[in-house]
Amino acid sequence: MKKKSFNMNLMMLMFSMIPLVIAIVGMTIMALVVCTNNLEKKIEDQLKVAAQGLKFYTEYELKNGTATEISYDSQYIDILKCNDVDLTVFVGDTRLCTSVLNDNGQRNEGTQAAEGIWPKVSKGETFVNDNTKVAGKDYYVVYLPITDASNKVIGLAF
């Protein structure tokens, strides 16, 4: 009976292909992780810019003494709606003006911010979350404090 010998070519092929496949799978996973992180960072940065613009716009009259309270302005709020960016101005933790629509197609105004947001932002901190429910929909959110002329936090820019 003849003994089967292990083919040297097959052995060399296995020793060269297995590391190659492992390297390709590893690099693919690493590329996906890096791309996902970069995309999330880019979205967060864009949302921060939008919230910062809303914050400055809302604070302008408060800081210059021409207003004593946050005013309702749906025209500015709706400016980024065409880019799928919703904006909201809160007085305290209550929505004063928003581009977010509820199930009836009306502005989701007069509702409260999600639990835990106002206590953090009222201390002057930024709140960022990639999974906040607003009007039953998931949002990636950035909340910034809105301050009055005395730098007291009186609302939120979302």
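**Exercise 1. Count the aromatic pairs in this predicted model, and describe the one formed by Y57 and Y76.**

Step 1. Rings pair if their centres lie within 6.5 Å; by this rule the model has 5 aromatic pairs.
Step 2. For Y57 and Y76, the ring centres are 4.0 Å apart and the planes differ by 5°.
Step 3. Planes under 30 degrees apart count as stacked, so the pair of Y57 and Y76 is stacked.
Step 4. Y57 belongs to helix α1 (residues 8-63) and Y76 to helix α2 (residues 74-77). The two are 19 residues apart, and the pair links distant parts of the chain.

**Exercise 2. Decide whether Y57 and Y76 are buried, partly exposed or exposed.**

Step 1. Buried means under 20% relative accessible area, and exposed means over 50%.
Step 2. Y57 has 40% relative accessibility, so Y57 is partly exposed.
Step 3. Y76 has 21%, so Y76 is partly exposed as well.

**Exercise 3. Which residues form one aromatic cluster?**

Solution. The cluster is made up of F90, F127, Y139, Y143 and F158.

**Exercise 4. Describe the largest nonpolar core and place L54 in its surroundings.**

Step 1. This core has 16 residues, and L54, I77, L87, V89 and I146 have the most contacts inside it.
Step 2. Two or more residues come from each of α1 and β4 (137-147). The largest share, 5 residues, is that of α1.
Step 3. Leaving aside residues up to four places away in sequence, L54 touches Y76, I77, L87, T88, V89, A157 and F158.
Step 4. Another core, of 12 residues, lies apart from the largest one; V100, F127, V134 and Y143 are among its members.

Conventions. Residues are numbered from 1 along each chain as its sequence is written. This is a predicted model: local features need pLDDT of at least 70, side-chain atom pairs count only at pLDDT 80 or more; totals for chains, interfaces and linings use all residues. Side-chain values use heavy atoms; hydrogens and water are left out. Rings of Phe, Tyr and Trp (its six-membered ring) pair if their centres lie within 6.5 Å; planes under 30 degrees apart count as stacked, over 60 as edge-to-face and the rest as tilted. Helices (H or I, at least four residues) and strands (E, at least two) are DSSP runs, numbered from the N terminus. Buried means under 20% relative accessible area, exposed over 50%, partly exposed in between (1.4 Å probe, protein chains only). A nonpolar core is a set of buried Ala, Val, Leu, Ile, Met, Phe, Trp, Tyr and Cys residues joined through side-chain atoms within 4.5 Å. Contact means heavy atoms within 4.5 Å.
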